[in-house]
Amino acid sequence: MANVIVIGAQWGDEGKGKITDLLSKSANVVVRYQGGVNAGHTVVVNGQTFKLHLIPSGILYPDTQCIIGSGTVIDPRTLLAEIDQLHTLNIPTDHLFISETAHVTMPYHRLFDEASEQQRGTYRLGTTGRGIGPTYADKSERNGIRVIDLMHLERLEEKIRWTIAQKNTILEKLYALDPLDPDEVIAEYAGYAERLRPYVVDSSLQLYNAVKQRQNILFEGAQGTLLDLDHGTYPYVTSSNPVAGGACIGAGIGPTMIDRVIGVAKAYTTRVGEGPFPTELDGDVGQLLCDRGAEFGTTTGRKRRCGWFDAVIGRYAVRINGMDCLAITKLDVLDDLDEINVCIAYDIEGERCEAFPTNSHRLSRCQPIYQTLPGWKQSTANCRSLDDLPKAALQYLKFLAELMEVPIAIVSVGPSRDQTIIVEDPIHGPKRSLLGPNGVVAQV
């Protein structure tokens, strides 16, 4: 039995969906523990692409329980559309469960998000406009509406009328927007409630029982370490805690129940939205990474900013999350490059810095210090073992493991399930890896 957290080691979009889908085959339960519909996980199975925003990637395995935990914020409209899409593809959702204590995104949250971002002007954060931040803000202010409220129509109606009376004042006077009609909102969300009712459970209790039964549980985060509200590049962050510690809070279990933390990182670096990005590339190489990596957001379609692999960020992510192994994705995107740079440290006005600055202003002044490695100039897309990789590609992976001071367990060389090198199974395998940080390939 192993309870494993899958966490993004960069700014999100690292390929967590594929890794979670891959590991879900060995899991009895998959839990999404934070974030909302601002996240997007893309999974490719047998040439068919599935884009998931709230539903855990394990939904494609009919025998795997999939739980949307209390740390998430749920937009019922989007969630039901996602369920309907799965049904049209003949994928059942009777193994999907929703925490009754998760908070609900309301129409005014989306309006506030869009209006606030416009009002910020040059200080905009680059939000998705999906209402995630305002939903979490209401949660913190104890003004939120939870899934359990949807299950009780009389309570729901009372809360919506009271809340909209307050929110309409803000909409009209601060943002000069039309007020919402509470009757329309009540009718809309009462309809959502009836459709969601069969999925709603006490998810913490369900997880606790799964732990007692020694089932394998996979905890799936959205976004990435550098977007964490407390430990990311604030204020250019999300409104929740995607780091490993957030899994316990968002799922409703104790930290002693966690066995492993696997970090997911691209073989290069990307980020969406505003904020400092030391290794960002503006020229031909950056465009090549974008084109070959299909770097466009699953949720918004926004073009991702691309840059070289940043080991300063990587080491920080290892430390913050307590990672004990890594999955490196999109190695194949680097196949055509003559040389590959890796950021090993920063230069801040003549001072060498190997620790990640927690101040975004200081980070914006960082210049990357690179070490250049040779490219391999051949396709890795059909590699299925370490022995299949070009020598230079294997050396690149060993270099990353050494810099990050953590072993690599999985290497992805394409979007499909089968385009994966399993160095070690993080659920059933031992707590070590064939590809260790000392560059030695050990035998199991």
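These are my notebook entries on what I looked up in this structure, which is a predicted model.

**Entry 1: the sheet**

I began with the strands. I found an open sheet of 10 strands with mixed pairing. Reading across the sheet, I noted the order β9-β7-β5-β2-β10-β1-β11-β15-β19-β20. Which strands stand at the edges? They are β9 (200-201) and β20 (420-422). Each has a single partner strand, so one side of each is left without a neighbour in the sheet.

Then I looked at some of the pairings. Strand β2 (residues 29-32) and strand β5 (residues 65-68) run parallel, and 4 bridges join them. I followed V31 across to β5 and met its bridge partner, I67. A reminder to myself: in a regular strand the side chains alternate between the two faces of the sheet.

**Entry 2: strand β19**

Next I followed β19 (residues 408-412), with a neighbour on either side in the sheet order, β15 and β20. In what sense does β19 pair with strand β15 (residues 325-329)? The sense is parallel, over 3 bridges. Here L326 stands opposite I408 in β19. With β20, β19 pairs in the antiparallel sense, again over 3 bridges. On that side I noted V411 opposite I421 in β20.

Is β19 enclosed or open to the outside? I checked its residues, and 5 of the 5 are buried, so the strand is largely enclosed by the rest of the structure.

**Entry 3: cysteines**

How many disulfides does the structure hold? I counted 0. For a refresher, a disulfide is a covalent bond between the sulfur atoms of two cysteines. I wanted to know why C290 has no such bond. Its closest cysteine sulfur, in C306, is 4.8 Å away, which is too far for a bond, because the cut-off is 2.5 Å. C290 itself counts as buried, at 1% relative accessibility.

I repeated the check for C353. The closest cysteine sulfur belongs to C366 and lies 5.8 Å from that of C353, so this is too far for a bond too. C353 counts as buried because its relative accessibility is 10%, and the limit for buried is under 20%.

**Entry 4: aromatic rings**

I searched the whole structure for aromatic pairs and got 6. One of them is Y189 with Y192, an edge-to-face pair with 5.1 Å centre to centre and 80 degrees between the planes. Both residues lie in helix α7 (residues 182-196), 3 residues apart, or about one turn of the helix. Both Y189 and Y192 are buried.

Another pair is Y316 with F356, which is tilted: 4.8 Å centre to centre and 40 degrees between the planes. Where do these two sit in the chain? Y316 is in helix α11 (residues 311-321), while F356 is in the loop between β17 (351-353) and α12 (360-364). They are 40 residues apart, so I wrote down that the pair links distant parts of the chain. Y316 and F356 are both buried.

I also noted one aromatic cluster, formed by Y108, F112 and Y175.

**Entry 5: annotated residues**

Last, I opened the UniProt record, an unreviewed entry. Its "active site" annotation covers D13, H41 and K139. I picked D13 and located it in the loop between β1 (3-8) and α1 (16-24). D13 counts as partly exposed because its relative accessibility is 24%. Which residues does D13 contact, leaving aside its neighbours within four places in sequence? I listed K266, T270, V272 and R304.

Key:
Residues are numbered from 1 along each chain as its sequence is written. This is a predicted model: local features need pLDDT of at least 70, side-chain atom pairs count only at pLDDT 80 or more; totals for chains, interfaces and linings use all residues. Side-chain values use heavy atoms; hydrogens and water are left out. Buried means under 20% relative accessible area, exposed over 50%, partly exposed in between (1.4 Å probe, protein chains only). Two strands pair if DSSP finds at least two bridges between them. Rings of Phe, Tyr and Trp (its six-membered ring) pair if their centres lie within 6.5 Å; planes under 30 degrees apart count as stacked, over 60 as edge-to-face and the rest as tilted. UniProt positions are given in the numbering used here, feature names are shortened, and annotations may be inferred rather than shown by experiment. Contact means heavy atoms within 4.5 Å.
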